[in-house]
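Here are a few short exercises to work through with the model open. Try each one yourself before reading the solution.

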Amino acid sequence: MTRRLEDLTSPYLSGLIPYVPGKPTEEVERELGISGSVKLASNENPLGPSPKALAALQAALPELHRYPDGPGFRLCQALARHWGVAADMLVLGNGSNELLELVGRAFLVPGDEVVYAEQAFVVYEMVAQTSGATRVRVPLKDFTHDLDGLRRAITPKTKLVFLANPNNPTGTAVPPQALETFLADVPPEVVVVLDEAYYEYLPEGERPDALRFVREGRWLLVLRTFSKIYGLAGLRLGYGMGPAPLTAILHRLRAPFNTNALAQAGAIAALTDTEHVARSRAVNEAGRRLLTEGLARLGLRVVPNVANFVLVDVGRSGAATSDALLRRGVIVRPVAGYGFPNHLRITIGTPEENTRCLAALAALLGKENPG
Ligand SMILES: Cc1ncc(COP(=O)(O)O)c(C=O)c1O
């Protein structure tokens with residue numbers, strides 16, 4: 001009797017839909033025989049990496065024959081100073097994505113319940129599914145997290161709550177006070193993962209102080225990343241901040257050298273480049289205005305947002321619209337998989353990229369270029 005490979009595979013992997021990333025520009029150009037396309041599909045920083053990070057990467061190159069510092073001592077020290085937490089409250093990941101997976105492996109066994117929003121970052125679903133946990137999904141309310149609904153969904157079987165704020169793919173955030181009340185309300189025996197990948201895009205007065213709960217020892221892991229405003233998505237460096245007993249579990253589980261030497265060096269430098277961060281935020285604010293107003297002139301409604309992307313109702317198939325834009329060299333993200341078949345998620349780009357996107361959409365919809 002021959003065994004099939006599927007018979008050996010974990011039963012929790014059947015039905016797993018692989019993550020579909022935004023298409024790289026080279027791939028699109030090769031497939032369609034076009035050039036000069038723009039990618040507004042993966043919420044990357046259109047300004048690129050911080051010049052300070054690039055210099056640090058260059059300086060780190062001659063040491064690449066050495067293994068990296070496993071836990072990333074220097075970067076953890078720098079992050080601890082930056083956020084006012086102890087260094088042992090930090091854990092680094094190969095992108096915050098890796099930390100989401102480590103949390104799943106650390107805490108979930110079949111039968112556990114994991115609570116998250118129905119329209120939330122797709123990796124939560126993958127983590128819950130592959131661990132055999134029961135997925136408890138709470139619909140958004142008006143494109144925003146329903147915190148009361150999430151709270152009500154927590155039962156004695158709930159081990160984990162995943163919450164992205166701002167949320168992907170909607171770009172919405174909950175008011176800081178509401179989030180803090182939620183964190184205070186969640187039973188202390190539940191681990192909360194607060195995914196703040198887009199935290200730095202929040203206006204100053206609208207940033208919740210979740211780290212207060214971490215310092216108090218709550219089982220809360222706050223995730224941040226260098227992939228978004230810091231412009232280092234290609235390096236893969238995310239980090240978690242949680243009470244030391246929680247981060248210690250993830251340290252035990254992670255691969256010995258899970259983050260690489262260049263990523264650590266680049267991140268340390270990027271953290272100090274406040275000018276690049278400020279400029280990135282300003283370009284994003286201006287781009288959001290330009291895109292929102294331009295899309296409105298095309299008769300399209302944008303979900304009010306606070307991130308570096310907009311979710312827009314195109315009033316027709318998002319997938320077909322995305323394909324048509326692709327052929328015009330504009331790569332955006334269809335979001336039918338998130339339950340938004342008529343929406344597109346468009347990353348806010350440089351002024352030129354935003355204008356190009358608007359012009360392509362206008363041509364497609366047979367409307368006047370909003371300019
Ligand atoms: C909400 C959210 N969390 C986490 C990530 C993963 O980011 P990274 O693994 O690059 O740190 C993303 C990436 O798009 C995201 O949108």
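**Exercise 1.** Which helix holds Phe-213, and is Phe-213 buried or exposed?

*Solution.* Start by finding the residue: Phe-213 sits in helix H9, which covers residues 211–215. Keep in mind that this is a predicted model. Next, count the neighbours: 21 other C-beta atoms lie within 10 Å of Phe-213. The cut-off for buried is 20 or more, so Phe-213 counts as buried.

**Exercise 2.** Which residues does Phe-213 touch, leaving out those up to four places away in sequence?

*Solution.* Skip the sequence neighbours first, and you get Leu-183, Arg-218 and Leu-220. Then try a distance: from C-alpha to C-alpha, Phe-213 and Ala-184 are 8.1 Å apart in space, with their positions 29 residues apart in sequence.

**Exercise 3.** Work out how domain 1 meets domain 2.

*Solution.* Get the bounds first: domain 1 takes in 5–48 + 275–365, and domain 2 runs over 59–273. Their centres, over C-alpha atoms, are 24 Å apart. Now the contacts: 28 residues of domain 1 pair up with 27 of domain 2. On the domain 1 side, helix H12 (274–297) and strand E10 (309–313) supply at least two residues each, and H12 gives the most, with 6. By type, that side has 14 nonpolar, 10 polar and 4 charged residues.

**Exercise 4.** How many residues surround the ligand, and which are the closest?

*Solution.* The count is 13, and the closest are Gly-95, Ser-96, Asn-97, Thr-225 and Ser-227. Sort the shell by type and you find 8 polar, 4 nonpolar and 1 charged.

Definitions and conventions: Residues numbered from 1 in each chain as written. Predicted model: local features only at pLDDT ≥ 70, side-chain atom pairs only at ≥ 80, totals over all residues. Domains from an automatic or database assignment. Contact = placed C-beta atoms within 7 Å. Helix = DSSP H or I, 4+ residues; strand = E, 2+ residues; numbered from the N terminus. Nonpolar A, V, L, I, M, F, W, Y, C, P; charged D, E, K, R; others polar. Near = placed C-beta within 6 Å. Buried ≥ 20, exposed ≤ 12 C-beta atoms within 10 Å, placed from the backbone.
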